[in-house]
Every structure is written in C-alpha cells, then in structure tokens.
Amino acid sequence: MLTLSNNTDALPSVDDTNHAPIEIPDLSDLFDQRQDRRFHVVRPVELIPIGIDGLLDLERRVIGTSRELSVHSVAVDIPAGEWHSSQQLLLGMHWQQQVHYAGVIVRRIKTHERGLFLGAEFGGLAQELIEGDAPLPTFDRDELAFVLPQSPKLYENWSQAGVVEKTLLDRILVCPRCCGVPTFRHACRKCGAGRVKNDRLIHHFACAYVGLATEFTTETGEVVCPKCRQIRLVVGSDFEYLTGENLCGSCGWRDSETELYGHCLRCNWRFEMHQAREQELHGYHVRRLAPLAVITDSI
Ligand SMILES: [Zn+2]
Ligand SMILES: [Zn+2]
Ligand SMILES: [Zn+2]
C-alpha cells in the first residue's frame, strides 16, 4: 500500500498554540515528483515473453534483478545468454513475500560485463490483460452461456505460470451438447414434455377412502365424503390432500413419478437431468504491480 508516513518533514507542525489555520501540504506535488523520477529499487524479478494470442511462453522465462523503478518504467539486469529478444513481456517483481505483475515493453537493451541491461516501459498486451477488475465468468446474452473475457486456454496458461490465482466460484449444470444454459422442468418420464398435470386427491381419515378432490366437493363448496357421506369435513383434522397420478398432456402417459428434464436455450436439446454436464466457474486474480507503492516502500 502507498504510504507517505516517512515524509513527516513535509507535514505541518501540530503545536500551533495560536490556532491559526493549519496549512495542508499539497501531497500531489510529492506524487508528481515521484512520477518522473527513477528510484534505485533492487528486487528479484521474472520476465515471461507473451505472444500476440496472450499466451505466456513459460519455457523462456528469465530470472533477473531490478535496478531502477519509476511509475512508468523499470530497468532490469539479466544474466548473459538468457535473452530471446521478446519485446512484450510480463514482469513479475518479488515484493512483500509475493510476486506482483505488470506488462512491459522493452525499449533499450545494453550489454555489460555481467549480462544484459533491459530498459522497459509499463504497457503492452500483458498490461492490458491484467488491468481492470479480476475476470469473472458472466452470462453472455448472445452466447446463452457463461463466458470469460478471454479464452479459457489463456487462463489455464496463466494459471500454470502461477501468475493468476484460480478460485472455484460455482459448479453449474449446463447442456451436455453445447454447454448452453438450460431451463428445467418436472417432465413426463416417457416423452420429456413439461405439459404434465396431476390430479388432486382427498384422503378421508375416518373411512380411509381416497378419491379425486372433485368427488368430495359439493356445489355449495362443502367437502363431503362420497363413500361414508360424512359432511363438513375439515382439512387437517378430517382429511388430507394427496398428489395423484401425473397425466402427460403430450403423449397421454400416466405415471406416479415425473423426471427432471433440461432444455437447452442455445441448441434446443432436451435431456434428462442426470445427463447434464457440470461446468465449473472460476474467477482469476492477479496481483498487479503498483510501482509507486514499491518505490515508497524502498526509499
Ligand atoms: Zn409424455
Ligand atoms: Zn368417508
Ligand atoms: Zn445445448
């Protein structure tokens, strides 16, 4: 975190007995000075070339040491013979027991007795990919599926590199054919149709008769047992409602059970629930390098 607590000499005195208005120093001046200045910051860094497809080339990862850091640029020493002349890189800087990442574009390369000196600016594709909020899967209205801003291959590649932390957010059931998002219904076990109605039954406790609710109801709305003729039956104390057979409005099948069926909104495939594919939704987090915080911590 950025802290300016080391710069107490720039803060106003607090023992002002005259209670004159305290002049607050303009901290933005300090900030501006730091923006333009380069600071001597020596920390272990790693450099990973990035392709135009955003994939990191892990085989060509190079370990080095930072020499200078500013808000806009970084200078790094790497051992001789390890450079493969990539211009766009992902830079990871070790700071506070963790690696913080930034995208860089190499602007200068110089050889010296111990190896190479690289001067780079923050920016480029890697920086674009890690900027903004952590990528989370969102429902895409056109795709009718959960998608991430970039291809799944890219996130796998970055996870393998240890650059992003992958967190399981949810496990959802999707279409077994196309991973689209389905709707679900209690459907006919024979044909999968959702047009299933079931008869409401009444169980009269006193005589144990079970029949259709319509048989028990009189024109005046009273409940009368059609078998034993007992009148004014009260729900709960005299009788209970039961669910009767299911009747399919599509194929006419009668059944005591229904089956959960999914229907894919994307490809229109109808499938039994147990056939649904389980899709894991992951969020990805990358620790971004904040040069000013590292500079403030290092001086
Ligand atoms: Zn049916
Ligand atoms: Zn009865
Ligand atoms: Zn589908």
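The following exercises, each with a worked solution, concern strand pairing and backbone geometry in a predicted model.

**Exercise 1.** Determine in which order the three strands β11, β16 and β17 are arranged in their open sheet, and explain why one side of β11 and of β17 is left without a neighbour.

*Solution.* Begin with the arrangement: the open sheet is built in the order β11-β16-β17, with antiparallel pairing. Next, consider the edges, which are occupied by β11 (182–187) and β17 (270–272); each of these has a single partner strand, and therefore one side of each lacks a neighbour in the sheet. From one strand to the next, the twist averages 30°. Finally, look at the pairing of β11 with β16 (residues 259–264), two strands that run antiparallel and are joined by six bridges. Within this pairing, A187 has E259 of β16 standing opposite.

**Exercise 2.** Trace the pairings of strand β14 (residues 239–248), stating which strands are its partners and how many bridges join β14 to each.

*Solution.* Take β12 (residues 196–204) as the starting point: this strand pairs with β14 in the antiparallel sense, over eight bridges, and R200 is found opposite T243 of β14. Then turn to β15 (residues 254–255), which also runs antiparallel to β14 and is joined to β14 by two bridges. Here N246 has D255 of β15 as its bridge partner. As a last step, examine the connection between β14 and β15, which form a hairpin with five residues between them, and note that G252, which lies in the turn, has a positive phi of about 80°.

**Exercise 3.** For Q97 and R232, establish the sign of phi, the location in the chain, and whether each residue is buried or exposed.

*Solution.* It helps to recall first that most residues other than glycine have a negative phi. Q97, although not a glycine, has a positive phi of about 65°, and its place is the loop between β5 (88–95) and β6 (98–112). For the burial step, the cut-off for an exposed residue is 12 or fewer other C-beta atoms within 10 Å; because Q97 has 5 such atoms within 10 Å, it is exposed.

Apply the same steps to R232, which is likewise a residue other than glycine with a positive phi, near 50°. R232 lies in the loop between α4 (213–216) and β14, and since it has 8 C-beta neighbours inside 10 Å, R232 also counts as exposed.

Notes:
Residues are numbered from 1 along each chain as its sequence is written. Chains are lettered from A and ligands numbered from 1 in the order in which they are written. This is a predicted model: local features need pLDDT of at least 70, side-chain atom pairs count only at pLDDT 80 or more; totals for chains, interfaces and linings use all residues. Two strands pair if DSSP finds at least two bridges between them. Helices (H or I, at least four residues) and strands (E, at least two) are DSSP runs, numbered from the N terminus. Axes are lines fitted to C-alpha atoms, for helices over the stretch in contact, and angles run from 0 to 180 degrees between N-to-C directions. A residue is buried if 20 or more other C-beta atoms lie within 10 Å of its own, exposed if 12 or fewer, and partly exposed in between; C-beta atoms are placed from the backbone.
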